[in-house]
Amino acid sequence: MLGWWVAAAIAAGPVDVAVDFAEPAVLPWFASARVVDGKGSAKGDDCSGAVALAIQDAARQGTVARIVRSHTDLQPLAATPCKQRVAGDAVSASIVELSALVFEPVSGVEPLPAERWIQLVGLLDALGPDELAPGVVVVDGKIYALLAKQSFAEPLDSGRLDQRARGNRVWEEWVPQFTARWAGALGSVPELAGAVLLATVPSEDPANKKSKLVEEWRFAIPTAAASAFSRGEIMDSDLASRVRIEVSSDPKKPVWTAVTLDVEDELTRTEGVEVQRSNVDVREEDLQGVEDEEEP
């Protein structure tokens with residue numbers, strides 16, 4: 001009896017099976033995109049069925065755009081190994097594991113050709129922090145790359161800082177460095193109007209324990225303004241006048257209210273700052289179709 005169990009557990013050598021997935025010609029913009037793993041197990045000698053089940057498994061985590069070679073290689077996967085379990089002389093199960101690029105679609109804006117879509121996913125993945133999935137935000141009908149989510153670890157003192165003062169703290173803490181980081185890389189990406197920074201800001205008045213508040217701030221920064229700022233041609237106050245700044249008192253279901261901030265100019269923030277695409281770890285294939293920004 002023990003000998004039969006051992007024989008049943010032995011897996012036959014993997015065989016290659018074609019990955020049958022019809023990629024769409026166009027894809028909608030993505031609120032987030034990421035590579036996930038899918039696994040399919042089909043009864044008997046059915047590797048094609050295992051592939052289909054693995055794709056279904058990946059689709060539970062988002063809309064599938066492409067079956068990819070790996071988490072770091074977004075090229076399409078043509079074939080993949082199929083492992084088979086045997087029981088005696090028969091195949092008892094066929095098992096396939098694969099990686100898929102999935103996304104959360106954004107509605108209300110024109111879709112992209114699939115190849116360009118893939119390029120922009122790769123570019124935004126390279127520009128954003130590791131913990132943030134590449135994605136976009138639609139602001140006033142224009143598409144902005146979502147490249148940063150920040151948060152204050154400790155509540156701000158709302159007894160001393162009103163809403164605009166809290167917004168100024170966000171600006172001072174993150175906006176100038178954030179703007180300089182991506183301006184050069186997005187300078188010739190016509191599909192994107194610029195980039196967005198989101199910041200979660202908890203606050204509380206120590207004298208009023210019922211004053212706890214969590215705000216979400218959104219800074220939509222146009223590329224042209226970011227480029228001028230990074231080159232030192234405009235200062236903080238000029239940049240702030242060109243940025244759409246909004247706040248919501250409900251981060252989970254934001255309702256945005258526009259705010260004007262009176263930020264102070266800081267020459268030291270832009271002196272000597274030169275933003276080049278080489279400062280960002282972007283693969284060559286992610287920059288296909290993205291030309292160098294021309295000087296005015």
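**Close-up 1. Leucine 186 and its contacts in the predicted model.** Set aside the neighbours within four places in sequence. Leucine 186 then touches Leu123, Leu124 and Leu127. Its contacts also include Ala145, Leu147, Leu192 and Gly194. Ala195 and Thr223 complete the list. This is a predicted model.

**Close-up 2. The largest nonpolar core.** Which residues have the most contacts inside the largest nonpolar core? They are Trp29, Trp117, Leu186, Trp217 and Phe219. The core has 61 residues. Helix α3, residues 114-127, gives the largest share of this core: eight residues. Apart from this core lies another, of 18 residues. Val19, Cys47, Val64 and Leu77 are among its members.

**Close-up 3. The disulfide between cysteine 47 and cysteine 82.** The structure holds one disulfide. The sulfur atoms of cysteine 47 and cysteine 82 are 2.1 Å apart. Cysteine 47 sits in helix α2, residues 47-59. Cysteine 82 sits in strand β5, residues 79-87. The pair therefore ties together parts that are 35 residues apart in sequence. Are these two cysteines buried or exposed? Both cysteine 47 and cysteine 82 are buried. Now look at the S-S bond. The torsion about it is about -85°, so the disulfide is left-handed.

**Close-up 4. The salt bridge between glutamate 23 and arginine 66.** Side chains of opposite charge can pair when their charged atoms come close. Here the N to O distance is 2.9 Å. Where do the two partners lie? Glutamate 23 is in the loop between β1 (11-18) and β2 (26-27). Arginine 66 is in strand β4, residues 63-68. The salt bridge therefore ties together parts that are 43 residues apart in sequence. Glutamate 23 is partly exposed, at 33% relative accessibility. Arginine 66 is buried, with a relative accessible area of 2%.

**Close-up 5. The salt bridge between glutamate 191 and arginine 116.** The two side chains meet at 2.7 Å, N to O. Glutamate 191 lies in the loop between α4 (163-182) and β11 (194-205). Arginine 116 belongs to helix α3. The pair joins parts that are 75 residues apart in sequence. Glutamate 191 has a relative accessible area of 25%, so it counts as partly exposed. For arginine 116 the value is 12%, so this residue is buried.

**Close-up 6. Arginine 160 with aspartate 157, and a salt-bridge network.** How many salt bridges does the structure hold? There are twelve. One of them pairs the side chains of arginine 160 and aspartate 157, at 3.4 Å, N to O. Arginine 160 is exposed, at 63% relative accessibility. Elsewhere, salt bridges share partners. They join Asp140, Arg218, Arg244 and Glu246 into one network.

**Close-up 7. Helix α4 packed against helix α5.** Helix α5 covers residues 223-230. At what angle do α4 and α5 pack? The angle is about 100°, and the axes are 9 Å apart. Angles of 65 to 115 degrees count as roughly perpendicular. That is why α4 is described as roughly perpendicular to α5. On the α4 side, the contact is made by Pro176, Thr179, Ala180 and Trp182. On the α5 side, Thr223, Ala226, Phe229 and Ser230 take part. Thr223 was also named in the first view, as a contact of leucine 186.

Key. Residues are numbered from 1 along each chain as its sequence is written. This is a predicted model: local features need pLDDT of at least 70, side-chain atom pairs count only at pLDDT 80 or more; totals for chains, interfaces and linings use all residues. Side-chain values use heavy atoms; hydrogens and water are left out. A nonpolar core is a set of buried Ala, Val, Leu, Ile, Met, Phe, Trp, Tyr and Cys residues joined through side-chain atoms within 4.5 Å. Buried means under 20% relative accessible area, exposed over 50%, partly exposed in between (1.4 Å probe, protein chains only). Helices (H or I, at least four residues) and strands (E, at least two) are DSSP runs, numbered from the N terminus. Contact means heavy atoms within 4.5 Å. A salt bridge is a side-chain nitrogen of Lys or Arg within 4 Å of a carboxyl oxygen of Asp or Glu. A disulfide is a pair of cysteine sulfur atoms within 2.5 Å. Axes are lines fitted to C-alpha atoms, for helices over the stretch in contact, and angles run from 0 to 180 degrees between N-to-C directions. Angles under 35 degrees count as roughly parallel, over 145 as roughly antiparallel, 65 to 115 as roughly perpendicular and the rest as oblique.
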